[in-house]
Amino acid sequence: MRKVVLVLLAALCLGGYIFAEGGQEGGAQEIVFADLSWDSAMVHNRIVAYIIENGLENEYTADFVPGGTVPSVTGLANGDIDIDMESWHSNLRDVYEKYTASGDILDLGKNLPDGPQGWYVPRYVIEGDPSRGIEPMAPDLETTEDLPRYWELFQDPEDPNKGLIYLGISGWAVTDSNEQYFEKQGLEKNFNKAIPGSAAAVAATMDAAYRRGEAWVGYWWEPTAIMGRLDMYMLPDTRLPPADINILVNKDLPQRAPDVVEILKKYSTTVAMNNEFLAAKEKQNLDNEGAAIWFLKNREDVWTQWVDADVASRVKAALAAE
């Protein structure tokens, strides 16, 4: 008899485990975002997360998985990630085409218009800035071919015999392209390469040099808050093809969460809007979720175009309680 009771209890426990882990009837469905390592992507993730968690009748929870561009796209194809809000896939065209051709990834269209990207210097390096008492430092600097003549302006603090060029962020696909261009131009004779681990680290060097009125050169892109504050000039021969900044999803998401996909198909911003919420994030010292809430509160005219009236009403109610 005791054995029968134990078997029944085990069966009941197993059945409960299967229901809890497999069925999840009435439970919230998790949507996983690629939390790429730059601010605009992380804010876009949280804008969508706020809308789907607070506005949709189907219950969703959001999770954010940090990673570089290629690992995130691979995770998207494998089903470990559901959504990439800022693909920048023109920087990794082969990987993108492989997975869209196989049908593992679906492209829902542009998040924002093509993003400018290339190597920048402060404009005062070339033109000077009378308002700050800065004379032109490199008046004949037009392309990377001219950089060796002015290498001392960009002196590497750890190697006074060479200049320093910031080629991007470790793990980003575009950094490989920049390294190849660096070598093609023969810049290793006069310059060292800097490849920090985060966009914040690069931005800090740019900002510090600009505040001191010193020279700086390196890869950057828009939209970013710092480009809204600083007057930077892109060396024209370094201009990369404007990036395709699209929204990508795993092939199964339309079946799993069709209401989420419908919002993503309508989701659209501009470079100016991104610069705006990134500037607010920086000025008000907001975290990524705070910047998302700032956008939702201040650009109701934009996001309400992505959702129906009932969803908008529920999101507004949640925002009012913040």
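**Two pockets and the helix that lines them**

I would like to begin with helix 7, which gives the most to the lining of the largest pocket, contributing five residues. Please keep in mind throughout that what we have on the screen is a predicted model.

Let me stay with that largest pocket, whose volume comes to about 420 Å³. Its lining is made up of 23 residues, and those closest to the centre of the pocket are D39, A200, A203, A225 and E282. If we ask which elements give two or more residues to this lining, they are helix 2, running over 39–55, helix 7 over 199–212, strand 9 over 218–221, helix 8 over 225–229 and helix 11 over 271–283. As for the chemical character of the largest pocket, its lining divides by class into 13 nonpolar residues, five polar ones and five charged ones.

Turning now to the second largest pocket, I would note that its volume is about 240 Å³. Here 14 residues form the lining, and Q155, P157, Y166, A215 and W216 are the ones that lie nearest the centre. Two or more residues of this lining come from each of strand 7, which spans 159–166, and helix 7.

Which element, then, gives the most to the lining of the second largest pocket? That is helix 7, with four residues, and, as I said at the start, helix 7 also gives the most to the lining of the largest pocket, with five. By class, the lining of the second largest pocket holds ten nonpolar, two polar and two charged residues.

Terms used:
Residues numbered from 1 in each chain as written. Predicted model: local features only at pLDDT ≥ 70, side-chain atom pairs only at ≥ 80, totals over all residues. Heavy atoms only, no water. 1 Å grid on protein atoms, 1.4 Å probe; cavity = no way out; pocket = protein on both sides within 12 Å on 5 of 7 lines; lining within 4 Å. Points joined across faces, edges and corners; volume = space filled by probe spheres on them. Nonpolar A, V, L, I, M, F, W, Y, C, P; charged D, E, K, R; others polar.
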